[in-house]
Amino acid sequence: MTTIFICFGIIIILLLILVFRKTPVADLSPQLAALREDNIRLRERLSERLAALAQNAADLKSISGDIANFKNILMGSKQARGQFGERQLEDLVSDVMPPETFAFQYTMENGTRPDCIIRLPYPPGDMVIDSKFPLEGYAGMQTASTDYDRELARKQFEISVKTHIDSIAGKYIIPGKTAESAMMFIGAESIFETLHRNFPALVDYAARRKVFLVSPATLWATLNTIRSVLSDIKIKRVAGQIKKELELLLSDLSRLDTRATALNNHFRQTMEDLDALKISVGKITPRAEKLRELEFEN
(Lines give C-alpha, C1' and ligand atoms only; values in the text may rest on other atoms or scores of the structure.)
Protein backbone atom coordinates (compact mmCIF):
# COMPACT_ATOMS: atom_id res chain seq x y z
CA MET A 1 0.00 0.00 0.00
CA THR A 2 2.91 2.36 0.77
CA THR A 3 4.30 1.82 -2.75
CA ILE A 4 0.95 2.80 -4.25
CA PHE A 5 0.86 6.12 -2.38
CA ILE A 6 4.51 6.86 -3.33
CA CYS A 7 3.71 6.31 -7.02
CA PHE A 8 0.60 8.42 -6.63
CA GLY A 9 2.70 11.27 -5.15
CA ILE A 10 5.26 11.09 -7.95
CA ILE A 11 2.48 11.34 -10.55
CA ILE A 12 1.08 14.44 -8.82
CA ILE A 13 4.54 16.08 -8.74
CA LEU A 14 5.09 15.42 -12.45
CA LEU A 15 1.69 16.86 -13.28
CA LEU A 16 2.50 20.00 -11.28
CA ILE A 17 5.83 20.43 -13.12
CA LEU A 18 4.09 20.19 -16.48
CA VAL A 19 1.46 22.71 -15.42
CA PHE A 20 4.10 25.18 -14.18
CA ARG A 21 6.02 24.94 -17.42
CA LYS A 22 3.07 25.60 -19.67
CA THR A 23 1.00 27.99 -17.58
CA PRO A 24 1.82 31.44 -16.16
CA VAL A 25 1.78 31.75 -12.37
CA ALA A 26 -1.28 33.98 -12.42
CA ASP A 27 -3.36 31.29 -14.17
CA LEU A 28 -2.39 28.41 -11.85
CA SER A 29 -5.00 28.88 -9.11
CA PRO A 30 -8.06 27.45 -10.99
CA GLN A 31 -6.03 24.55 -12.32
CA LEU A 32 -4.54 23.78 -8.91
CA ALA A 33 -8.03 23.81 -7.39
CA ALA A 34 -9.28 21.40 -10.08
CA LEU A 35 -6.20 19.25 -9.56
CA ARG A 36 -6.88 19.11 -5.80
CA GLU A 37 -10.46 18.05 -6.46
CA ASP A 38 -9.30 15.37 -8.88
CA ASN A 39 -6.75 14.27 -6.30
CA ILE A 40 -9.45 13.96 -3.62
CA ARG A 41 -11.73 11.96 -5.93
CA LEU A 42 -8.85 9.72 -6.97
CA ARG A 43 -7.93 9.02 -3.35
CA GLU A 44 -11.55 8.18 -2.56
CA ARG A 45 -11.71 5.74 -5.48
CA LEU A 46 -8.37 4.22 -4.45
CA SER A 47 -9.64 3.78 -0.89
CA GLU A 48 -12.79 2.08 -2.14
CA ARG A 49 -10.77 -0.24 -4.40
CA LEU A 50 -8.35 -1.07 -1.61
CA ALA A 51 -11.26 -1.83 0.76
CA ALA A 52 -12.84 -4.09 -1.86
CA LEU A 53 -9.51 -5.87 -2.39
CA ALA A 54 -9.11 -6.36 1.34
CA GLN A 55 -12.62 -7.86 1.56
CA ASN A 56 -11.92 -10.17 -1.37
CA ALA A 57 -8.70 -11.27 0.26
CA ALA A 58 -10.59 -12.06 3.48
CA ASP A 59 -13.20 -14.04 1.53
CA LEU A 60 -10.50 -15.98 -0.29
CA LYS A 61 -8.81 -16.75 3.01
CA SER A 62 -12.11 -18.03 4.43
CA ILE A 63 -12.75 -20.18 1.35
CA SER A 64 -9.21 -21.53 1.52
CA GLY A 65 -9.81 -22.43 5.16
CA ASP A 66 -13.04 -24.25 4.28
CA ILE A 67 -11.28 -26.15 1.49
CA ALA A 68 -8.48 -27.08 3.85
CA ASN A 69 -10.97 -28.29 6.46
CA PHE A 70 -12.79 -30.40 3.88
CA LYS A 71 -9.48 -31.84 2.71
CA ASN A 72 -8.59 -32.68 6.30
CA ILE A 73 -11.93 -34.45 6.62
CA LEU A 74 -11.32 -36.42 3.43
CA MET A 75 -7.74 -37.30 4.24
CA GLY A 76 -8.06 -37.44 8.01
CA SER A 77 -9.31 -40.10 10.36
CA LYS A 78 -12.05 -42.54 9.47
CA GLN A 79 -14.07 -41.34 12.49
CA ALA A 80 -13.99 -37.71 11.28
CA ARG A 81 -15.14 -38.74 7.81
CA GLY A 82 -17.90 -40.86 9.30
CA GLN A 83 -19.17 -38.01 11.44
CA PHE A 84 -19.12 -35.65 8.44
CA GLY A 85 -21.14 -38.11 6.32
CA GLU A 86 -23.64 -38.77 9.12
CA ARG A 87 -24.18 -35.04 9.66
CA GLN A 88 -24.77 -34.48 5.94
CA LEU A 89 -27.24 -37.37 5.88
CA GLU A 90 -29.10 -36.15 8.97
CA ASP A 91 -29.42 -32.62 7.57
CA LEU A 92 -30.77 -33.87 4.24
CA VAL A 93 -33.28 -36.30 5.71
CA SER A 94 -34.48 -33.84 8.38
CA ASP A 95 -35.02 -31.11 5.78
CA VAL A 96 -37.09 -33.27 3.42
CA MET A 97 -38.92 -35.96 5.39
CA PRO A 98 -41.65 -35.59 8.06
CA PRO A 99 -40.32 -36.43 11.56
CA GLU A 100 -42.43 -39.55 11.97
CA THR A 101 -41.05 -41.16 8.80
CA PHE A 102 -37.39 -41.60 9.76
CA ALA A 103 -35.06 -42.49 12.62
CA PHE A 104 -31.29 -42.18 13.16
CA GLN A 105 -29.15 -44.87 14.82
CA TYR A 106 -32.20 -47.11 15.20
CA THR A 107 -31.53 -50.64 16.50
CA MET A 108 -33.01 -53.24 14.15
CA GLU A 109 -34.24 -56.73 15.02
CA ASN A 110 -30.90 -58.28 14.06
CA GLY A 111 -29.05 -55.94 16.44
CA THR A 112 -27.54 -53.66 13.77
CA ARG A 113 -27.76 -49.87 14.02
CA PRO A 114 -27.91 -48.18 10.60
CA ASP A 115 -27.20 -44.48 10.26
CA CYS A 116 -30.75 -43.79 9.07
CA ILE A 117 -33.92 -45.78 8.47
CA ILE A 118 -36.83 -44.50 6.38
CA ARG A 119 -40.10 -45.90 7.71
CA LEU A 120 -42.26 -47.25 4.90
CA PRO A 121 -45.37 -49.46 5.11
CA TYR A 122 -44.78 -53.11 4.22
CA PRO A 123 -44.50 -53.74 1.39
CA PRO A 124 -41.96 -52.43 0.51
CA GLY A 125 -40.92 -51.99 4.17
CA ASP A 126 -38.38 -49.83 5.97
CA MET A 127 -35.41 -48.70 3.87
CA VAL A 128 -31.93 -48.22 5.35
CA ILE A 129 -29.42 -45.50 4.38
CA ASP A 130 -25.75 -46.03 5.23
CA SER A 131 -23.31 -43.10 5.23
CA LYS A 132 -20.02 -44.83 6.12
CA PHE A 133 -18.56 -44.75 2.61
CA PRO A 134 -14.92 -45.99 2.49
CA LEU A 135 -12.72 -43.13 1.31
CA GLU A 136 -9.25 -44.52 2.01
CA GLY A 137 -8.74 -45.85 -1.52
CA TYR A 138 -10.12 -42.67 -3.09
CA ALA A 139 -7.78 -40.52 -0.99
CA GLY A 140 -4.91 -42.79 -2.03
CA MET A 141 -5.74 -42.26 -5.72
CA GLN A 142 -5.64 -38.50 -5.21
CA THR A 143 -2.26 -38.51 -3.44
CA ALA A 144 -0.51 -41.19 -5.51
CA SER A 145 2.50 -39.85 -7.41
CA THR A 146 3.28 -42.81 -9.68
CA ASP A 147 1.21 -44.98 -12.01
CA TYR A 148 1.96 -48.02 -9.86
CA ASP A 149 0.70 -46.29 -6.71
CA ARG A 150 -2.40 -45.04 -8.51
CA GLU A 151 -3.24 -48.51 -9.81
CA LEU A 152 -2.68 -50.01 -6.36
CA ALA A 153 -4.93 -47.35 -4.77
CA ARG A 154 -7.56 -48.00 -7.45
CA LYS A 155 -7.64 -51.73 -6.67
CA GLN A 156 -7.84 -51.05 -2.94
CA PHE A 157 -10.68 -48.62 -3.56
CA GLU A 158 -12.60 -51.19 -5.62
CA ILE A 159 -12.14 -53.88 -2.97
CA SER A 160 -13.19 -51.62 -0.07
CA VAL A 161 -16.30 -50.33 -1.87
CA LYS A 162 -17.33 -53.85 -2.91
CA THR A 163 -16.84 -55.10 0.65
CA HIS A 164 -18.95 -52.24 1.97
CA ILE A 165 -21.71 -53.02 -0.55
CA ASP A 166 -21.76 -56.64 0.66
CA SER A 167 -21.89 -55.45 4.27
CA ILE A 168 -24.90 -53.21 3.63
CA ALA A 169 -26.74 -55.92 1.71
CA GLY A 170 -26.06 -58.49 4.42
CA LYS A 171 -26.94 -56.37 7.47
CA TYR A 172 -29.69 -54.04 6.31
CA ILE A 173 -31.75 -56.04 3.80
CA ILE A 174 -33.89 -58.48 5.80
CA PRO A 175 -36.48 -60.46 3.79
CA GLY A 176 -39.98 -59.96 5.12
CA LYS A 177 -38.88 -57.14 7.45
CA THR A 178 -37.26 -54.40 5.41
CA ALA A 179 -37.38 -53.21 1.84
CA GLU A 180 -35.65 -55.34 -0.79
CA SER A 181 -33.04 -52.61 -1.29
CA ALA A 182 -30.90 -50.18 0.71
CA MET A 183 -29.01 -46.97 -0.05
CA MET A 184 -25.31 -46.15 0.28
CA PHE A 185 -24.84 -42.41 0.78
CA ILE A 186 -21.76 -40.79 -0.78
CA GLY A 187 -21.20 -37.33 0.70
CA ALA A 188 -19.26 -35.84 -2.24
CA GLU A 189 -20.71 -35.37 -5.72
CA SER A 190 -17.21 -35.69 -7.23
CA ILE A 191 -16.74 -39.18 -5.75
CA PHE A 192 -20.22 -40.19 -6.90
CA GLU A 193 -19.37 -39.02 -10.42
CA THR A 194 -16.00 -40.80 -10.32
CA LEU A 195 -17.67 -44.08 -9.41
CA HIS A 196 -20.12 -43.88 -12.32
CA ARG A 197 -17.48 -42.69 -14.80
CA ASN A 198 -14.47 -44.82 -13.86
CA PHE A 199 -15.97 -47.77 -11.94
CA PRO A 200 -19.12 -48.86 -13.82
CA ALA A 201 -18.57 -52.47 -12.75
CA LEU A 202 -18.90 -51.43 -9.10
CA VAL A 203 -22.13 -49.57 -9.83
CA ASP A 204 -23.53 -52.64 -11.61
CA TYR A 205 -22.47 -54.88 -8.74
CA ALA A 206 -24.23 -52.61 -6.23
CA ALA A 207 -27.39 -52.71 -8.35
CA ARG A 208 -27.30 -56.53 -8.39
CA ARG A 209 -26.96 -56.57 -4.61
CA LYS A 210 -29.90 -54.11 -4.39
CA VAL A 211 -27.70 -51.39 -2.86
CA PHE A 212 -28.30 -48.07 -4.58
CA LEU A 213 -25.57 -45.42 -4.61
CA VAL A 214 -26.82 -41.92 -3.82
CA SER A 215 -25.12 -38.53 -3.64
CA PRO A 216 -26.52 -35.46 -1.82
CA ALA A 217 -28.38 -34.36 -4.99
CA THR A 218 -29.77 -37.79 -5.90
CA LEU A 219 -30.70 -38.55 -2.29
CA TRP A 220 -32.61 -35.26 -2.11
CA ALA A 221 -34.58 -36.22 -5.23
CA THR A 222 -35.16 -39.77 -3.92
CA LEU A 223 -36.41 -38.55 -0.55
CA ASN A 224 -38.82 -36.11 -2.20
CA THR A 225 -40.20 -38.97 -4.29
CA ILE A 226 -40.61 -41.13 -1.17
CA ARG A 227 -42.36 -38.28 0.63
CA SER A 228 -44.81 -37.91 -2.26
CA VAL A 229 -45.51 -41.65 -2.21
CA LEU A 230 -46.10 -41.56 1.54
CA SER A 231 -48.48 -38.64 1.10
CA ASP A 232 -50.41 -40.62 -1.54
CA ILE A 233 -50.55 -43.65 0.76
CA LYS A 234 -51.82 -41.49 3.61
CA ILE A 235 -54.46 -39.91 1.38
CA LYS A 236 -55.58 -43.35 0.18
CA ARG A 237 -55.69 -44.63 3.76
CA VAL A 238 -57.82 -41.67 4.86
CA ALA A 239 -60.01 -42.05 1.78
CA GLY A 240 -60.48 -45.74 2.65
CA GLN A 241 -61.51 -44.86 6.19
CA ILE A 242 -63.93 -42.25 4.87
CA LYS A 243 -65.41 -44.78 2.44
CA LYS A 244 -65.82 -47.33 5.24
CA GLU A 245 -67.54 -44.78 7.48
CA LEU A 246 -69.84 -43.78 4.60
CA GLU A 247 -70.79 -47.41 4.05
CA LEU A 248 -71.60 -47.79 7.76
CA LEU A 249 -73.59 -44.55 7.66
CA LEU A 250 -75.57 -45.75 4.63
CA SER A 251 -76.25 -49.03 6.43
CA ASP A 252 -77.52 -47.13 9.49
CA LEU A 253 -79.68 -44.95 7.25
CA SER A 254 -81.12 -48.05 5.59
CA ARG A 255 -82.04 -49.54 9.00
CA LEU A 256 -83.50 -46.20 10.08
CA ASP A 257 -85.62 -46.09 6.91
CA THR A 258 -86.89 -49.63 7.57
CA ARG A 259 -87.78 -48.78 11.14
CA ALA A 260 -89.42 -45.50 10.12
CA THR A 261 -91.50 -47.39 7.54
CA ALA A 262 -92.54 -49.94 10.17
CA LEU A 263 -93.42 -47.15 12.60
CA ASN A 264 -95.42 -45.40 9.88
CA ASN A 265 -97.30 -48.62 9.17
CA HIS A 266 -97.94 -48.97 12.88
CA PHE A 267 -99.35 -45.45 13.08
CA ARG A 268 -101.44 -46.06 9.96
CA GLN A 269 -102.87 -49.26 11.48
CA THR A 270 -103.57 -47.40 14.70
CA MET A 271 -105.44 -44.69 12.81
CA GLU A 272 -107.48 -47.34 10.98
CA ASP A 273 -108.31 -49.01 14.30
CA LEU A 274 -109.35 -45.63 15.75
CA ASP A 275 -111.57 -44.99 12.74
CA ALA A 276 -113.18 -48.41 13.18
CA LEU A 277 -113.62 -47.69 16.86
CA LYS A 278 -115.35 -44.41 16.03
CA ILE A 279 -117.69 -46.24 13.66
CA SER A 280 -118.55 -48.76 16.38
CA VAL A 281 -119.16 -45.95 18.87
CA GLY A 282 -121.34 -44.23 16.29
CA LYS A 283 -123.47 -47.37 15.95
CA ILE A 284 -123.76 -48.02 19.68
CA THR A 285 -124.85 -44.49 20.65
CA PRO A 286 -128.18 -44.49 18.67
CA ARG A 287 -129.05 -47.91 20.06
CA ALA A 288 -128.48 -46.64 23.60
CA GLU A 289 -130.67 -43.67 22.90
CA LYS A 290 -133.47 -45.95 21.67
CA LEU A 291 -133.15 -48.08 24.78
CA ARG A 292 -133.49 -45.02 26.97
CA GLU A 293 -136.67 -43.95 25.20
CA LEU A 294 -138.38 -47.27 25.78
CA GLU A 295 -141.00 -47.31 28.59
CA PHE A 296 -141.01 -50.30 30.83
CA GLU A 297 -144.19 -51.33 32.76
CA ASN A 298 -143.97 -51.71 36.48
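In which loop does Lys210 lie? In this predicted model, Lys210 is placed in the loop between α7 (200–208) and β5 (211–214). The residue is not a glycine, yet its phi is positive, at about 65 degrees. With a relative accessible area of 37%, Lys210 is partly exposed.

The protein as a whole contains eight helices and five strands. Read from the N terminus, these elements follow the order α-α-α-β-β-β-α-α-β-α-α-β-α. Of its 298 residues, 26% are classed as buried. The accessible surface amounts to about 20900 Å², and carbon and sulfur atoms contribute 60% of that area. Among contacts with a separation of 6 or more, 63% join residues 24 or more positions apart.

Helix α7, which precedes the loop of Lys210, packs against two other helices, α5 and α6. The axes of α5 and α7 come within 10 Å and cross at roughly 10 degrees. Since angles under 35 degrees count as roughly parallel, α5 and α7 are therefore assigned to that class. On the α5 side, the residues in contact are Glu158, Val161, Lys162, Ile165 and Asp166, and these meet Leu202, Tyr205 and Ala206 of α7. Sorted by class, the contact of α5 with α7 comprises five nonpolar and three charged residues, with no polar residues.

The arrangement of α7 with helix α6 (residues 189–198) is described by axes that come within 5 Å and cross at roughly 100 degrees. Angles of 65 to 115 degrees count as roughly perpendicular, and α6 and α7 are therefore described in that way. Leu195, His196, Arg197 and Asn198 of α6 form this contact together with Pro200, Leu202 and Val203 of α7. The classes represented in the contact of α6 with α7 are four nonpolar, two polar and one charged. Leu202 of α7 takes part in the contact with α5 and also in the contact with α6.

The segment that follows α5 includes Thr178, located in the loop between α5 (147–172) and β4 (182–185). Thr178 has a relative accessibility of 6% and is therefore counted as buried, the limit for that class being under 20%. Two backbone atoms lie close enough to its side chain to be listed as polar contacts. The side chain of Thr178 reaches the backbone nitrogen of Ile174 at 2.8 Å, and a polar atom of that side chain is placed 3.5 Å from the backbone oxygen of Tyr172. Beyond its neighbours within four places in sequence, Thr178 is in contact with Tyr172 and Ile173, and also with Met108, Tyr122, Pro124, Gly125 and Asp126.

A further set of contacts links helix α3 to the loop between β1 and β2 through Glu86, Gln105 and Asp115. Glu86 is situated in helix α3 (residues 78–96) and is partly exposed, with a relative accessible area of 21%. Once neighbours within four places in sequence are set aside, the contacts of Glu86 are with Gln105, Asp115, Ser131 and Lys132. Glu86 and Lys132 are 46 residues apart along the chain, but their C-alpha atoms are separated by 7.7 Å.

Asp115 occupies the loop between β1 and β2. With a relative accessible area of 2%, Asp115 is buried. Its side chain reaches the backbone nitrogen of Ser131 at 2.7 Å. Apart from neighbours within four places in sequence, Asp115 contacts Glu86 and Leu89, together with Ala103, Phe104 and Gln105, and further Ile129, Asp130, Ser131 and Lys132. Gln105, Ser131 and Lys132 thus appear among the contacts of Glu86 and among those of Asp115.

Gln105 belongs to the loop between β1 (102–104) and β2 (116–118). At 29% relative accessibility, Gln105 counts as partly exposed. Although Gln105 is not a glycine, its phi is positive, at about 55 degrees. A positive phi is likewise found at Lys210.

Definitions and conventions. Residues numbered from 1 in each chain as written. Predicted model: local features only at pLDDT ≥ 70, side-chain atom pairs only at ≥ 80, totals over all residues. Heavy atoms only, no water. Helix = DSSP H or I, 4+ residues; strand = E, 2+ residues; numbered from the N terminus. Buried < 20%, exposed > 50% of the residue type's maximum accessible area, 1.4 Å probe, protein only. Contact = heavy atoms within 4.5 Å. Areas by Shrake-Rupley, 256 points an atom, 1.4 Å probe, with all protein chains shown as cover. Polar contact = N/O pair within 3.5 Å; in protein donor to acceptor, adjacent residues only side chain to side chain. Axes fitted to C-alpha atoms, helices over the stretch in contact; angles between N-to-C directions. Parallel < 35°, antiparallel > 145°, perpendicular 65-115°, else oblique. Nonpolar A, V, L, I, M, F, W, Y, C, P; charged D, E, K, R; others polar.
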